[in-house]
Every structure is written in C-alpha cells, then in structure tokens.
Amino acid sequence: MVGVSPKIAPSMLSSDFANLAAEAKRMIDLGANWLHMDIMDGHFVPNLTIGAPVIESLRKHTNAYLDCHLMVTNPMDYVEQMGKAGASGFTFHIEVAQDNWQELVRKIKSAGMRPGVALKPGTPVEQVFPLVEGATPVEMVLVMTVEPGFGGQKFMPTMMDKVQALRQKYPTLDIEVDGGLGPSTIDAAAAAGANCIVAGSSVFGAPEPGNVISLLRASVEKASLTT
Ligand code: DX5
Ligand code: ZN
C-alpha cells in the first residue's frame, strides 16, 4: 500500500458537543490525525446534527484537518459556506450527486477544500469509479460500513468487498471507512485496504481513547506492510 498513510479520524458526533473545542484538542493530543465532522440535514438521513456555523466556531480553536462528511440532500448548497467556515475535506454522497458531481467537485476544490465521495451500503462501488478517474478527480472515497445517520451501529463486513475493489484499482487513493470501526473490526478494514479510519463510539466510549487511536493506527500500518 505504497503512497497512503493512516489517518485516524475520531467522529465528533460521539463527543460532548457542549465542549467541542476541548474534545477536539483532546483527540489531537491523543494522536488523532483528522477530526470527522458528521453534517446531517434531517432529510438525507433521519437525524439533524451540525452545520457550517459550528465548523466556523471550531475552526477558531484548532488547526486540525476537519474531515466533513455531508449527509445532506443538496450538497451544492453548502460548498461555499463550508469553505468559508474552514472545512478541510468536503465529502458528499454519490446518491444525491449523480447529475452534478463534476460541477460539485470543481466547486469544492475552488473553495479550497479536498473533495471526497461517499457511498451508502446499498450503492454499488462502480458508481464512484468515474469520480476517481475524472478530469477533476475526488481525492477520497468513503465507504459507509453502516447505514448513515447514527453512531454506535454494527459494522457491516460485507462492505469490505468494495474497499478491496477500490484498493486494487487505485493503490494510492485515500479510502475511508465509517461506521462500527473499533478494535474488533479494524483488522478486516485494514486488510481490505482502508487507510482513513473513522471511529466514534469505540474511541469516545473507551476508558483510554488514546489506546484505541494507537491500536487503529497500528492495524493500518501493519496491513500496509503486507499488501
Ligand atoms: C454515521 C456517521 C459516522 C458515525 C460513526 O452516519 O457517518 O461518522 O459517527 O460512529 P461509530 O464509530 O460509533 O459507528
Ligand atoms: Zn461520518
């Protein structure tokens, strides 16, 4: 797995939102690479979380890479405000961008963010190939390993076929997995070729979150030596 490095991204959805700045600092101090920010509009998924104003507030307290996962029906509507707010990565769902992903990716880049595409468990992986191979390609693919909407769900191991297919085709692509990742599931994800690991409840629910972050990283590093 030459060219990809592990990125451990605690999902701030599982943090204490009332103390977001302190929670962000705690995760970075414990060795997290990225902070995963779940933005849900109550329409694409049946849950409502945070938006650009919260990203803007958090940005004043941290320089960390804010890995924003937009579970929204109209991602185009949020590109400009997310860019201004200080988002680092902007990952949209292919299910709502079939017709306009080219324009969307261009806008994300010109707003100074790194474009990524996510797919729900029921979406075939082939749907994202053109986005990786396009003239203005996405720089990350997020393979959902639960139905998006909530933290604390069970990892779906069958999604590893998608990760494997992507890794085989794209040796240097950032491939992210999100949902149910923790000490008992990381080895499957790492072996399939995932290098960006989102983990909410397994990190924030642990007595020593730093140990979980280290364990996730070690698993990705180990897998990358053998592939
Ligand atoms: C789910 C979100 C995830 C979620 C992961 O829709 O996209 O980022 O917070 O939480 P865990 O790790 O608890 O499954
Ligand atoms: Zn997410």
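Let's start inside the binding site: an oxygen atom of ligand 1 sits 2.7 Å from a polar backbone atom of G200. Before going further, note that this is a predicted model, in which local features need pLDDT of at least 70 and side-chain atom pairs count only at pLDDT 80 or more, while totals for chains, interfaces and linings use all residues. Residues are numbered from 1 along each chain as its sequence is written, chains are lettered from A and ligands numbered from 1 in the order in which they are written, and side-chain values use heavy atoms, with hydrogens and water left out.

Back to ligand 1. Two serines also reach its oxygen atoms: a polar side-chain atom of S201 lies 2.5 Å from one oxygen atom of ligand 1, and a polar side-chain atom of S11 lies 2.8 Å from an oxygen atom of ligand 1. How much of ligand 1 does the protein cover? It covers 100% of the 380 Å² of accessible area that ligand 1 has on its own (areas by the Shrake-Rupley method with a 1.4 Å probe; for residues, only the protein chains shown count as cover). Around ligand 1 there are 20 residues, and the closest are D38, G149, D178, G200 and S201 (a residue counts as near if one of its heavy atoms lies within 4 Å).

D38 and D178 turn up again at the metal. The zinc ion (ligand 2) is coordinated by H36 through NE2, D38 through OD, H69 through ND1 and D178 through OD, at 2.1 to 2.3 Å. Donors here are N, O and S atoms within 2.8 Å of the metal (3.2 Å for Na, K and Ca), and since water is not among the atoms, sites may look incomplete. What geometry does the site of the zinc ion have? With 6 donor atoms and angles of 70 to 169° among them, the site is octahedral. For that label, six donors need opposite ones over 155 degrees apart and all others between 65 and 115; four donors are square planar under those limits, or tetrahedral if all angles lie between 85 and 135 degrees, and anything else is irregular.

Along the chain, the donors of the zinc ion follow the spacing H-x1-D-x30-H-x108-D. H69 in strand β3 (residues 65-71) and D178 in strand β7 (residues 174-178) are 109 residues apart, so to speak a link between distant parts of the chain. Helices (H or I, at least four residues) and strands (E, at least two) are DSSP runs, numbered from the N terminus. Both H69 and D178 are buried, where buried means under 20% relative accessible area, exposed over 50%, and partly exposed in between (1.4 Å probe, protein chains only).

Stay with strand β7 for a moment. D174 is found in this strand and is buried, at 10% relative accessible area. Its side chain makes a polar contact of 2.8 Å with the side chain of R114; a polar contact is a pair of N or O atoms within 3.5 Å, and within protein one must be able to donate a hydrogen and the other to accept it, with residues adjacent in sequence counting only if both atoms are side-chain atoms. E176 is in strand β7 too, and its relative accessible area is 0%. The C-alpha atoms of E176 and M140 are 7.1 Å apart in space, with their positions 36 residues apart in sequence.

Another polar contact involves T123, in the loop between β5 (114-119) and α5. T123 is buried at 8% relative accessibility, and its side chain contacts that of E95 at 2.6 Å.

Now for the rings. The count of aromatic pairs comes to 2, where rings of Phe, Tyr and Trp (its six-membered ring) pair if their centres lie within 6.5 Å, with planes under 30 degrees apart counted as stacked, over 60 as edge-to-face and the rest as tilted. W34 and Y65 are stacked, at 4.4 Å centre to centre and 20° between the planes. This pair links strand β2 (residues 34-40), which holds W34, to strand β3, which holds Y65, 31 residues apart. W34 is buried at 4% relative accessible area, whereas Y65 is partly exposed at 22%. F129 and Y170 have ring centres 6.1 Å apart and planes at 75°, so their pair is edge-to-face. F129 lies in helix α5 (residues 129-133) and Y170 in the loop between α6 (160-169) and β7, so the pair ties together parts 41 residues apart in sequence. F129 is buried at 15% relative accessibility, and Y170 is buried at 11%.

Finally, F204 belongs to helix α8 (residues 201-204) and is buried at 14% relative accessible area. Its C-alpha atom is 9.2 Å from that of M27, although 177 residues separate the two along the chain.
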